[in-house]
Structure formats: C-alpha cells, structure tokens
Amino acid sequence: MKKKRILVLSVILILSVIIACASLNAGAASIFGDINKDGKITAVDARILLRVSAGLETITAPDEDYYVYFVYGDFDFDYKVTAIDARILLMHSAGLRGLVMPEYPTGVYTTEELKVTSKVFKNEELTAVLRTTEKEETTTEPLTEEPTTAEPKDEVVDATPEEILNNYKDVMKIAKKDKPGFKAYSYIYAPAGSADRQVNGNWLYANAVINLLSLQNKNIAEKLGKKDTVKIDKDSSMDEFPLFNNESGCLLSDVSAIKTAKKTKLANGNTRLEITLKEEKNPEPTPAGADTPLSNTGAMFDTASITKIRAEVSKFFDKLKWNDSDIKYDCDITYHDCKATLEYNSNNEIVSLEQNLVSRLEGRYSSTKTAMVFKQNYYMTYRYNCFEF
C-alpha cells in the first residue's frame, strides 16, 4: 500500500511540473517569426506566410506592442505580406539569414505618409498623430514636386486581321531570305491522363495505336517528350524554321481562317503579333518547296499528315487479320487553337517566334472480337529566339 501511495504521488508531481511548464510557455511572449505559434520557426511558417500572400489563408497577430505599428508577417517592412516575406522566413528557418525586429516609429510623419501607413496604426493613436502633424504642416513651406516622365507602356494597335497577317508574312519572308543565326526549342507532349486520353473499349489496342501514331511523323518521332534546344548558325539552311523545308515563312492567304489576331506596340520599341487559327479537321502539311498550301493550318504550322497516319494505322491492323476478321478502322486529326506569337524590331527583323499547336487524334476500330473508340490530345511548342542578323 505504501509503494502504491508513493507511485501515485510521483505521478501527480510529474503532471504538476508538466502543467506548470505548459502554463509558463503559454504566458511567454511569442517568438518573432513563429507564425503557427508552435514555439519554433520552420519551413511550415514560411509556407503559411506564402498562402497568406496568395489570399488562401489568414493569420492573427500576437498581442505585442509593436504590431500596433507593423503588419504581422511583414519582414521587409513594406506594410504588406508578400512572397518575399515568405522567402525571408524560409531562409531564416534554414539558418541562411536572420530576422530584423521592427522598431517603434519615431519623428514627425506627414499627412501623406500616414495615409500610406494608416492601416497599421490603431484608430485613436492615428487620430492623435494626425492632429499633431496637421498643425506642424501648416507652418511648413509646401514641397515642390519635380515633374515625372511617364514610363512607356505596351499599346494595342488598331489593325485588321488581314493587316496583321500581312505583317507576319513580311517578317517571316525577311527571316527566310536573310538566314540569321538563331536558337530553336521544341517540345511535343502526348499526356496519358484522362483529360487528354480517352478510350472506350479495348485499351490494349488503343494504346498501341496511340503510341504508333505518336511516332509516325518524323518531327514527333524525334522530339516526343524531349525538350530540345539547338543553335543554327547564320547563313545556314532555314529548312528547320517555319515553314519547314520551304522558302516561304507563311503561305496563309485565307483571312477567314483566323480566329483572333492582335498587334501590340511594345514598350521596348518592338512590335508583337499574335495570330490564332480556327479549328481545322485533317489539315495536310505544305509539301516541301510548294508555293500553294494544302490546308490553312498547314500553311502556317507544321502539321502531321492524316494520309500518312491512316497508312500507318492500316499497316498495324493488317497484321491482326491472321487471328481476327471483319476489321474496320478509321481515324481523324483535328488541329485547334494553334497560335503564333511573333516579335520584331523597327527594321522588320524577327526577335522571337513561338508556335503552339494543339491537335486531337480520334480513332475507331471494330472487328468480330473487339471494338474501341479513342481520343488523344497532342501539345506541340516550337520556340525560336536569339536571332543574329
């Protein structure tokens, strides 16, 4: 019985110490930078601050005197919480820098200064300071402001789609003719997620066809899933610059094929053209060296040939006829929201070009043994910059 009593008393004593320590910590002043109030500064605090800067979360300041004058979570003292504050806190948690404690404001504030910082003052204190400041401002000579020059801004130019298309063709023609040096970047992607790949029926056949068709076009075969950047020397062949394997940079003449067109005069003095084409089903690419395009999309972009795609599909399914019969198949490819963004200088020399293509491949297959219908989206980006004329 005596041992049990000693054990109970020991447990009570330990609990009393724990509760006392917890009470002591609860009453202690908050740690500057400890956003989640767990007694330490970690990357978790920085993450919370980043969410606050994006408007995804709110935080409450501790009851400390200096938060009367400063914004809680503001470590660069610009009176707002931004991603910069989150970065400062993250670096501090990693031991890469320290945190500067805010100081109480000193000196006399002008009315304009208080208007900017009024949100960090308590109302009654702000009123008192404003009254004092207004009296002193009446005896101070007004400051003369020096005239400021407005910084140049981007301005949209009023131009028709036909005018914008002609501008685009002129700049592309000069680039093809002058053969400047440049860097070329390409990336082609065929996502397998449900938003981009949909299959009803035989998944095995569908995936086999999708993978096969991804490789039928030489450009896709070489670049699928790869982010490649190559440098083309000045005076080299322009066959790898749109239009591929053609002396012309653009053969589009049907203005009705344009979905949207925009011309912008940039602040740096250059001009930017943006042209997006309407959806087109089974657009054939422009043949090498041809003067006349076979489709609107193919007159401006490098498209895959539906003729070649169907030929490859035919070869694939012909191999299945040995163990199946009555095979029927077909496929289509639709290009939509294909956009070209071109920037050029006052000499009509190209500065940069980006072409973004989106295509949707749809296939149908049926036989005595199985059937399927599938859709696959492809995303292609071609980017050209660092031109040297």
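Asp332 is buried, at 8% relative accessibility, in a model that is predicted. The residue takes part in a salt bridge with Arg310, with a distance of 2.8 Å from N to O, and in another with Lys281, where the closest N and O atoms are 4.0 Å apart. The briefing below starts from this residue and then turns to the chain as a whole.

**Salt bridges at Asp332**

- Arg310 belongs to helix α9 (residues 306–318) and Asp332 to strand β8, and their pairing links distant parts of the chain, 22 residues apart.
- Lys281 sits in strand β7 (residues 280–281) while Asp332 sits in strand β8 (residues 328–344), so this salt bridge ties together parts that are 51 residues apart in sequence.
- The partners differ in their surroundings from Asp332, which counts as buried at 8% relative accessibility: Arg310 is partly exposed, with a value of 33%, and Lys281 is exposed, with a relative accessible area of 54%.
- Side chains of opposite charge can pair when their charged atoms come close.
- Both of these pairings fall within a network of salt bridges that links Lys281, Arg310, Asp330, Asp332 and Arg364.

**Other salt bridges**

- Glu362 and Arg360 also form a salt bridge, in which the closest N and O atoms lie 3.6 Å apart, and here both residues are buried.
- Over the whole structure, the search finds 14 salt bridges, among them the pairs Lys281–Asp332, Arg310–Asp332 and Arg360–Glu362.

**Cysteines and disulfides**

- A search of the whole structure for disulfides finds zero.
- Cys250 is buried, its relative accessible area being 4%, and Cys338 likewise counts as buried, at 2% relative accessibility.

**The chain as a whole**

- The secondary structure of the protein chain consists of nine helices and 10 strands, including helix α9, which holds Arg310, and strand β8, which holds Asp332.
- Of the 389 residues in the protein chain, 38% are buried, and Asp332, Cys250 and Cys338 are among the residues that count as such.
- When contacts between residues at least 6 apart in sequence are considered, 69% of them join residues at least 24 apart.
- The protein chain has an accessible surface of about 23300 Å², and carbon and sulfur atoms account for 54% of that surface.

Methods:
Residues numbered from 1 in each chain as written. Predicted model: local features only at pLDDT ≥ 70, side-chain atom pairs only at ≥ 80, totals over all residues. Heavy atoms only, no water. Salt bridge = Lys/Arg side-chain N within 4 Å of Asp/Glu carboxyl O. Helix = DSSP H or I, 4+ residues; strand = E, 2+ residues; numbered from the N terminus. Buried < 20%, exposed > 50% of the residue type's maximum accessible area, 1.4 Å probe, protein only. Disulfide = S-S within 2.5 Å. Contact = heavy atoms within 4.5 Å. Areas by Shrake-Rupley, 256 points an atom, 1.4 Å probe, with all protein chains shown as cover.
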